[in-house]
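Open the model in your viewer and get ready to click along. Each stop names something to select, then says what is there.

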Amino acid sequence: MFDAAIIQQCADPSIEIAIVERFIAEAGSKNPLAINISSGNRIILPEPPQAPEAAMLLIERFVGTAVVRVGITQYPAGHGIVDAADLNAGLVDPCDNIRMGTALFGKVHRVVVYARGESSATVLGEAITAWRTGTFQGAYVFGEPDPGPLPVEVAAVRTGEMSETIIDAETAPDAPVALPAGGNDVNAAGMRVDLSKLAEQI
């Protein structure tokens with residue numbers, strides 16, 4: 001787990017700390033300069049950057065043509081921008097990355113909670129899977145509209161359940177697959193997960 005004090009200081013205040021801690025533990029990295037790059041079925045393994053400047057150069061090189069995940073929260077670097085020149089240097093700053101990542105994950109979590117009609121450890125696990133794969137119910141989850149604050153009756157997740165649900169390796173692969181990019185639109189770089197096995201279980 002990354003430094004709990006930094007998490008509490010920097011995380012989006014609208015999200016419970018227990019949720020943030022599980023999110024970072026399962027989907028994030030301890031290294032603020034961690035960069036994971038995938039394109040199609042390939043995982044690209046460049047030399048790990050040792051400084052923020054080198055990390056930003058690496059992100060700029062691949063964003064828009066590959067799926068680039070960055071930093072403590074493994075934030076999708078291409079989200080919300082149309083040109084690599086618009087990249088935010090905060091991507092590789094620990095506090096800024098946590099702030100941006102938890103805010104975006106909060107939306108992903110709300111999307112999943114509204115779809116399932118409840119907030120539970122299992123639903124939180126689905127939200128973490130959606131973050132890691134970039135998709136939920138066949139849609140690019142980061143591009144989904146924010147459904148807004150959760151209703152009071154479904155807003156609470158029991159903290160005691162946080163460690164009870166482990167993500168199935170088959171539904172949350174460590175090597176996500178990129179969606180086809182649409183021209184030079186970096187927002188089109190998402191990830192895809194095979195949902196066929198889930199469908200067979202329903």
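This is a predicted model. Start by selecting residues 121-133, which form helix α5. Does the helix have the span its residue count calls for, and what span is that? At 1.5 Å a residue, its 13 residues should span 18 Å. Put a distance marker between the end C-alpha atoms: they are 18 Å apart, so expectation and model agree.

Stay on α5 and show the surroundings. Eleven of its 13 residues are buried, so the rest of the structure largely encloses this helix. Color the buried ones. Among them are Ala121, Val123, Leu124 and Gly125. Ala127, Ile128, Thr129 and Ala130 belong to the buried set too. Trp131, Arg132 and Thr133 are also on that list.

Now step just past the helix. Gly134 follows α5. The phi of Gly134 is positive, near 85 degrees.

Keep phi in mind for the next two stops. Most residues other than glycine have a negative phi.

Select Gln137. You will find Gln137 in the loop between β5 (135-136) and β6 (139-140). Gln137 is not a glycine, yet its phi is positive, about 50 degrees. Is Gln137 buried or exposed? Its relative accessible area is 53%, and exposed means over 50%, so Gln137 counts as exposed.

Next, select Gln74. Gln74 sits in the loop between β3 (67-70) and β4 (75-76). Here is another residue other than glycine with a positive phi, near 55 degrees. Turn on the surface. Gln74 has 8% relative accessibility, and buried means under 20%, so Gln74 counts as buried.

Move to Ile43. This residue lies in strand β2, which covers residues 42-44. Ile43 has 45% relative accessibility, so it counts as partly exposed. Add Ala66 to your selection. Ile43 and Ala66 are 23 residues apart in sequence. In space, their C-alpha atoms are 9.5 Å apart.

Finally, zoom out to the full chain. How many helices and strands does the chain have? Count seven helices and eight strands. The chain has 202 residues, and 48% of them count as buried. Show the whole surface: the accessible area comes to about 10100 Å². Carbon and sulfur atoms account for 53% of that area.

One last view: turn on contacts between residues at least 6 apart in sequence. Of these contacts, 69% join residues at least 24 apart.

Technical notes. Residues numbered from 1 in each chain as written. Predicted model: local features only at pLDDT ≥ 70, side-chain atom pairs only at ≥ 80, totals over all residues. Heavy atoms only, no water. Helix = DSSP H or I, 4+ residues; strand = E, 2+ residues; numbered from the N terminus. Buried < 20%, exposed > 50% of the residue type's maximum accessible area, 1.4 Å probe, protein only. Contact = heavy atoms within 4.5 Å. Areas by Shrake-Rupley, 256 points an atom, 1.4 Å probe, with all protein chains shown as cover. Expected span 1.5 Å × (residues − 1).
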